[in-house]
Amino acid sequence: MDAEVIVIGGGVSGLCAAHYLKKTLGDRAVLTLEAGPGPGGTTGSDVVDGYTLDWGSNGFLDREPLTLAWAEDLGLLPGLVKANAAAAKRFIYRNGKLHRVKAPPGFFLSPLLSVRGRLRLCCEPLIPGKTDDAPESIFDFAARRIGAEAAQMLVGAMVLGIYGGDARQLSMAHCFPRMVRMERDHGGLFKALMAIRKNRAASPMGPPGTLTTFQGGIGALPEHAAASLGDRIRYNTPVRTVAAVDGGYTVSLDNGETLAARAVVVATPAHAAAELVRELHPETARALAEIPYAGLSVVCLGYPREAIGHDLDGFGFLVPRGQGLRLLGCIWTSSLFPFEAPDGSVLLRVMLGGAPDPEANALSDDALTDLTIQELKPLLNLKGTPELVRVYRHPRGIPQYTLGHEHRLAALEAGEAACPGLVFTGNAYRGIGLNDCVVSAHRAVDVITRHLG
């Protein structure tokens, strides 16, 4: 055997699984194979001219003990940085202006929704709860509870910011299971929020936790995790197939090499996982290949502070579709984490593309930058040219939990049951955030350790 366990994929889920399998089985028992030149997948950071630029995710909510425990194991807790209080202020673009999203009662005086839309939203406590288990899109859930206008302006924008997705196509039960439970347990969202307020000092308007990163950016996590694996992680090592043999598995590499292990953790994106197991378990491969991804482009802009007229006091803003802009949203990064821009400068991160606008990802870097500046200029009162521009592209950036996702998960679990010692982990299945990746990795570790006895 070349290893007790082979982990295929060196993103957050694969690195976390390898870390805990190594702790359980021993330093030489686990081998991680990564197709790219470095760890992290879409989670990484660059430091350029004093700016810290995150490739994808810019942090995690500190509510997940498993993530904090992993960071502690890696010696990263002293470098944790929590977002400034400005993170609580969020804006949505409508009718040419940025409107702050306020909690009730202030929300009901906001022009973010029409008077009719606000009145409809006030009726939410009177709407009966859903009584069947029929699949429901995010938009349909929101329109049923708070009205179509609020569903479009508020929830649709939120879905763009999180998933880069279309709320009419994504499954409510799989994207926001917490809100589905809130309706089921309390009969409505307002009733649930009031119950939460009684039991938690924090604001009930969103999930608990504070946005958190590390000194050096979120990329510090995969960098330290990979370093802790030493020579038991191999880069530039694409895998071609996984096959079952003699109570274990063989892993065939693109370079012709074949490795053997008692168990395999597949921590690649779903489309890559489908290719790996196409011959081993065709039904699972078909389900994996059906999970769509939204491409995303991220434009990072650094400006001298005096070149921006807006106060940038907040998290940033989102743009619902139908408002005349192609931007999905803009994060005022240096307002959240001042260390990520040099003194006297600010850092903006703008998202474009996503499922509603895949054509944006085909634009050149210059065209994306020009579009971004053109649309930001009147909103933030930009002057002059940026002192830093960096474009990050993720052609298959964010998995989309579209309607019918439960069937894909069922096929995935059937494949794991049929192939003992093979397990799938990552953000394509049960949550796309960094915390979700860590939880998914722990699930994989549990499956493998039970299999190995």
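**Exercise 1. Work out whether F176 is buried or exposed, then do the same for Y163.**

Solution. Keep in mind that this is a predicted model.
- Step 1: F176 has a relative accessibility of 12%, so it counts as buried.
- Step 2: Y163 comes out at a relative accessible area of 3%, so Y163 is buried too. The cut-off behind both calls is under 20%.

**Exercise 2. Take the F91 and W332 rings, then the Y163 and F176 rings, and say how each pair is arranged.**

Solution. Start with the overall tally: there are 6 aromatic pairs in the structure.
- Step 1: F91 and W332 sit 5.5 Å centre to centre with 40° between the planes, which makes their pair tilted.
- Step 2: Now place them. F91 belongs to strand β7 (residues 90-94), while W332 is in the loop between β16 (329-331) and α12 (333-336), so their pair ties together parts 241 residues apart in sequence.
- Step 3: F91 and W332 are both buried.
- Step 4: For Y163 and F176, the ring centres are 6.0 Å apart and the planes meet at 80°, so this one is edge-to-face.
- Step 5: Y163 comes from helix α5 and F176 from the loop between α6 (172-175) and α7 (177-186), so the pair links distant parts of the chain, 13 residues apart.
- Step 6: Look back at F91 and W332, and add F317: these three form one aromatic cluster.

**Exercise 3. Compare the span of helix α5 with that of a straight helix, and find where α5 bends.**

Solution. Go from the ends to the middle.
- Step 1: α5 covers residues 148-163, and a straight helix of 16 residues would span 22 Å at 1.5 Å a residue.
- Step 2: Between its end C-alpha atoms, α5 spans only 20 Å.
- Step 3: Now for the bend: α5 turns by about 30° at V155.
- Step 4: V155 is one of the buried residues of α5, and others among them are L154, G156, V159 and Y163.
- Step 5: Step just past the helix, and you hit G164 with a positive phi of about 60°.

**Exercise 4. Find out how many cavities of 30 Å³ or more there are, and describe the lining of the largest cavity.**

Solution. Count, then look at the walls.
- Step 1: The structure has 1 cavity of 30 Å³ or more, and the largest cavity has a volume of about 40 Å³.
- Step 2: Its lining is made up of A18, K22, D27, V30, T32, L229 and R232.
- Step 3: Sorted by type, the lining gives 3 nonpolar, 1 polar and 3 charged residues.
- Step 4: As for secondary structure, α1 (12-25) and β2 (30-33) each contribute at least two lining residues.

Note on methods: Residues numbered from 1 in each chain as written. Predicted model: local features only at pLDDT ≥ 70, side-chain atom pairs only at ≥ 80, totals over all residues. Heavy atoms only, no water. 1 Å grid on protein atoms, 1.4 Å probe; cavity = no way out; pocket = protein on both sides within 12 Å on 5 of 7 lines; lining within 4 Å. Points joined across faces, edges and corners; volume = space filled by probe spheres on them. Helix = DSSP H or I, 4+ residues; strand = E, 2+ residues; numbered from the N terminus. Nonpolar A, V, L, I, M, F, W, Y, C, P; charged D, E, K, R; others polar. Expected span 1.5 Å × (residues − 1). Bend = angle between axes of the 7 residues up to and from the residue. Buried < 20%, exposed > 50% of the residue type's maximum accessible area, 1.4 Å probe, protein only. Phe/Tyr/Trp six-rings, centres within 6.5 Å; stacked < 30°, edge-to-face > 60°.
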